[in-house]
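Work through these short exercises with the model open. Each task is followed by a solution in steps.

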Amino acid sequence: MPAPSAPPLPPECRLGNAAPAHGGALEGPRRCELCGAAARLRCGRCRLTYYCDVDHQKADWVSIHERICQLLIPIRTSLPFLLSEKERKHGTEQLVKRQKYIIDLAYSTAQEFVLGGKHKEAIPAALHALRFSTEVYGSNSVQLVPAYLLLAEASAGVGHLPQASKYLSQAQWIVLRTPDCSVAVQYKLHRSLGLFCAAEGNFEQALYHLANDIYLASSTFGLKSLETSGGYFHMANVFFRQNKMDIANSLYAKVTDIWHAFLVKSVQAQEQILKSRPEMSPFTEDKEVSEDHITEAQQAEAIRVLNAVLGIREQAPKQQPGETARVLHALAMLYYLVMDLSKAREVGMKAFDLLKQLPQQESLEAVGHLLKLINSKPSDAK
């Protein structure tokens, strides 16, 4: 299926309004923000970002530049020389704060794209995260590893395996030379290496890395944590590709159970807040409610993972209606939490109908209660 076309750039960032890269009083050759080639275009809004062609300009705008365009101005504008030492120190501190903010924003944006399966869109944002991390922490810092791993996954996702291998090698080199590297970074490295080996078709090596991923994640976050569930999911996918369905199915069930338990707690937490403050609705932008909501990154991961598991369950030659209903229940809770009530109702009813056909119907009451919650909300919700 062809990728959807990118939304148009705003007028001030279109090709016709882009200034020549050699215009003005700019010093030295300018390089493309994405590929490093000689630039001939400049963003007409911030006037500080350069591109080799309109395709790279559009790609950067869609990925991250729209959100950071104005933020780049104080970062890439030189401080005046006639400042006191105290003012220069304050200026440097403010610069680092702004750079760290862009690192977090670019990384989270790239992560959401990757979790949503939009690997091409993730690459420019991840490049910005890497570039600013290098400026703040230095080229050998372990702080660069998350950006390298995102770039590797995004590159592999668009089929650029040699480039993904380079990013992974760089991340692995940094981790190996950092004795006190955190377990959180190590398990993510093993997961990325596992995904890369799976993409190459090297399943045994993929399973080795994913086993390390699960061991490290579970030792820090627990066997039933969301962090560990990602390793189970990717390992299940490898066994699925090897046609080892018994093992794959048991791992998919484990992934479903972890997300199901997490989503049950999330729904219960929201119910408690709404009961204690009856004047509020789930649609109220309130700090207390927002803190208990599932994060955007978790939303994207849960939607991707649970729908993948559901597809496998529904297409399996040997149907397991109980497991399918459990995935549907989890998805119904997820869509309820993110306020997509039409989808929540649709998959909730599928779960309810499946459970009614089973001899043991322990979950029927829970799904019925969820459907009541869904149906009690305003009909104009999406």
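Rings of Phe, Tyr and Trp (its six-membered ring) pair if their centres lie within 6.5 Å; planes over 60 degrees apart count as edge-to-face. By this rule the count comes to four aromatic pairs. The model is a predicted one.

**Exercise 1.** Classify the aromatic pair formed by Tyr187 and Phe221.

*Solution.*
- Start with the distance: the centres of Tyr187 and Phe221 are 5.9 Å apart. The limit is 6.5 Å, within which rings pair.
- Next, take the angle: the planes of Tyr187 and Phe221 stand at 75°. Over 60 degrees counts as edge-to-face.
- The result: Tyr187 and Phe221 form an edge-to-face pair.

**Exercise 2.** Find which parts the pair of Tyr187 and Phe221 ties together.

*Solution.*
- Place Tyr187: it lies in helix α7, residues 183-200.
- Place Phe221: it lies in helix α8, residues 203-221.
- The pair therefore ties together parts that are 34 residues apart in sequence.

**Exercise 3.** Decide whether Tyr187 is buried or exposed, then place Phe221 on the scale too.

*Solution.*
- The cut-off for buried is under 20% relative accessible area.
- Tyr187 has 6%, so it is buried.
- Phe221 has 35%, so it is partly exposed.

**Exercise 4.** Which charged end sits over the ring of Tyr232?

*Solution.*
- The charged end belongs to Lys254.
- Its distance from the ring centre of Tyr232 is 5.4 Å.

**Exercise 5.** Describe the protein chain as a whole.

*Solution.*
- Count the elements: the chain has 15 helices and two strands.
- Check burial: 44% of its 382 residues count as buried.
- Take the surface: about 20,200 Å² is accessible, and 54% of that belongs to carbon and sulfur atoms.

Definitions and conventions
Residues numbered from 1 in each chain as written. Predicted model: local features only at pLDDT ≥ 70, side-chain atom pairs only at ≥ 80, totals over all residues. Heavy atoms only, no water. Phe/Tyr/Trp six-rings, centres within 6.5 Å; stacked < 30°, edge-to-face > 60°. Helix = DSSP H or I, 4+ residues; strand = E, 2+ residues; numbered from the N terminus. Buried < 20%, exposed > 50% of the residue type's maximum accessible area, 1.4 Å probe, protein only. Lys NZ or Arg CZ within 6 Å of the ring centre and 35° of its normal. Areas by Shrake-Rupley, 256 points an atom, 1.4 Å probe, with all protein chains shown as cover.
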